[in-house]
Amino acid sequence: MISCIVKTKIKVFLVFVIALMVSFGAYAQGASEQAEVSQKGVVPGATEGATAAASTGGLPVDDVAIVDAGESLFKNNCAVCHSSGSDVIVGPGLQGVNERRSNDWLHRWIKNSQAVISSGDPQAVAIYNEYNKQAMPSFAFNDEEITSILTYIKASESAATAVPTTVGSDEAQAPGTNVGEGAIGAVGGYLDIVLVVLILVLIVLVVTLLLITSLLKNYLNSNRKLNEYDNEVINQRFDFSKIYKSKAVRTLVVLIFIVVLLDLSLDKVMGIGIQQGYQPRQPIAFSHKLHAGEHQINCNYCHTTVYKSKSASIPSANICMNCHSQIKKESPEIQKIYRALERNKPIEWVRIHNLPDLAYFNHSQHTQVGGIECQTCHGPIQEMDVVYQYSPLTMGWCINCHRETPLNTEGNAYYDKLVELHDATSKGAFTVSSNGGTECSKCHY
Ligand code: HEC
Ligand code: HEC
Ligand code: HEC
Ligand code: HEC
Ligand code: HEC
Ligand code: HEC
């Protein structure tokens, strides 16, 4: 009788432990998936915030917003050729340029240096000759933007010598760091702590239970008159062969085996035609990590049509030459660009992403209108030396996102009536699919 109670208790306890472990495993997995999802959407070198307030007279080096805007403009447009210190890259280091030149001269120069040179300005002609008549590109910036760049240069001078006023802005600019990531770190750390605590609690539970059983055993052995059967059960050793021989356990093992096997083979079958992870060798060792990451060149500097048309376009060799007519001329990899141009043949980049012809996908619809970051679909491109296909590009992938993503209808009169109708008839956000984004004909023609 008593033995029965002890037995069931142990069984219940075992089931409890297993259930805890299973549910915890599922929880941890869910959490890591969530972390992965929110890690997407990193913004490299964004130029937002560039419209800083105009300054009157001297440069507003104390205005953090202007300095930050200037820093982002500088890194995106000037840093490939200029340092803000005294090092010469392609052009001169810009340290002290606000003292060397007048404000008006700087504005004219940055907007169109060739015009200043051909006007015969002696300072302009001198520096042009000093740097072997290399033409600096023109920039269609307004006065505020130029002021912010000059302020940034000025501020980084005083930062180098005196109080570091721009500390932290560097971090904010680094590619791959955004607010989300910090949050993930915190959640991850929190989960780890919970896990450790739970494991500790489990260990304590097991130890207490063992203690209780041994106490009970001793008590029963010494104080009770037991019949033969109870005596045997109480002093029974833990027997693995019994578990192994038990029918229930065997069926369970076989079942788990079958499920795993089925899952694996289904994954394989469903994966036919999916190129996720495809990472071919390219004819030139071009690195996005170097260009889009370290040098923060905007994606659409090279993929020029990505905000305007269906295709993102792969840059022609001419775009490379904007910089490489001056940078790293002797590198054998860069020589390959020159050879392609001499022979008047395009560089034969190997295509990575490729939807079947039966599906219609439009970049401008997603990037310009939908406002989706490249990284949501292409992953952390700015960290890839060699690009690989990050997303599965399956129909399920497209449709899932259309179901989940709310449309930005704010201030868009086109949507007003539609949103009204939607809100009247159904609950939930006005997503891409509420607007018909899961209708076959939207993607198949
Ligand atoms: C493709 C390379 C390149 C880029 C990009 C570039 N510059 Fe220049 N810059 C030069 C060169 C080269 C010179 C030297 C004069 C010359 O040869 O025209 C120069 C000269 C200057 C000068 C004059 C320096 C002095 O000592 O008088 C300023 C100021 C300047 N650049 C600012 C900028 C700013 C601001 C940007 C970004 C908005 C920028 N440059 C982007 C190549 C570049
Ligand atoms: C300096 C020019 C340049 C910049 C800047 C640049 N790319 Fe590229 N990109 C290329 C070239 C060249 C290729 C083709 C070679 C390769 O795949 O590496 C390419 C290929 C790609 C591909 C794969 C295309 C395919 O074949 O399917 C993707 C996706 C891509 N870029 C996204 C981006 C994103 C996102 C950014 C901004 C974070 C970016 N690129 C910035 C030049 C550039
Ligand atoms: C806006 C300027 C810019 C453009 C456009 C550009 N690059 Fe670069 N590229 C750079 C800079 C800066 C470096 C780094 C040079 C260094 O490390 O000193 C570089 C480095 C490289 C290197 C490494 C060279 C070596 O031997 O270390 C390769 C290869 C390269 N670029 C290929 C390309 C190709 C191909 C294109 C056109 C699709 C391109 N680049 C367009 C600025 C540019
Ligand atoms: C909603 C997902 C999504 C977003 C956002 C997105 N892309 Fe793409 N990209 C794709 C798909 C899908 C393809 C394959 C298109 C095809 O084969 O027709 C692709 C292909 C490309 C290619 C190969 C050339 C081409 O046009 O087929 C480049 C380069 C590229 N993307 C760059 C970018 C850049 C740069 C951005 C951000 C400005 C971006 N993409 C944003 C999904 C996306
Ligand atoms: C990361 C989310 C995301 C993914 C992935 C995605 N889309 Fe979209 N898609 C959007 C959003 C957001 C819009 C709505 C843009 C707008 O009109 O504001 C949209 C709109 C569209 C539209 C226009 C729908 C309409 O109602 O006019 C088509 C067509 C489309 N997507 C095709 C695709 C295809 C094909 C794929 C897969 C290769 C894909 N999308 C993957 C988010 C996504
Ligand atoms: C958001 C865009 C989108 C919508 C909406 C959509 N599809 Fe697709 N569909 C795709 C893409 C992208 C592929 C290619 C996926 C691949 O190659 O794995 C595809 C592939 C298919 C294929 C497989 C073709 C093959 O050769 O394997 C069929 C069949 C199909 N779609 C039918 C439909 C039907 C029916 C609907 C309406 C209920 C629909 N699709 C709605 C994007 C879409």
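Which of the 19 residues around ligand 4 come nearest? They are C299, S311, A312, C374 and C377. The model is predicted.

**Ligand 4.** Two helices, helix 17 (363-369) and helix 18, each supply at least two residues of the shell around ligand 4. Helix 18 gives the most, with four residues. The shell around ligand 4 holds no charged residues. Ten of its residues are nonpolar and nine are polar.

**Ligand 2.** Around ligand 2 there are 22 residues. C299, C302, I352, H353 and C374 come nearest to ligand 2. C299 is thus named for ligand 2 and for ligand 4. C374 is likewise named for ligand 2 and for ligand 4. Helix 13 (288-294), helix 14 (299-302) and helix 18 (374-378) each give at least two residues to the shell around ligand 2. Helix 18 therefore serves ligand 2 as well as ligand 4. One charged residue sits in the shell around ligand 2, with 14 nonpolar and seven polar residues.

**Ligand 6.** Here 16 residues surround the ligand, and A359, M395, C398, C440 and C443 are the closest. Helix 19 (395-404) and helix 21 (440-443) are the elements that give two or more residues to this shell. Helix 19 gives the most, with four residues. The shell around ligand 6 includes two charged residues, beside nine nonpolar and five polar ones.

The shells by residue class:

| Shell | Nonpolar | Polar | Charged |
|---|---|---|---|
| Ligand 2 | 14 residues | seven residues | one residue |
| Ligand 4 | ten residues | nine residues | no residues |
| Ligand 6 | nine residues | five residues | two residues |

Terms used:
Residues numbered from 1 in each chain as written. Chains lettered and ligands numbered in written order. Predicted model: local features only at pLDDT ≥ 70, side-chain atom pairs only at ≥ 80, totals over all residues. Near = placed C-beta within 6 Å. Nonpolar A, V, L, I, M, F, W, Y, C, P; charged D, E, K, R; others polar.
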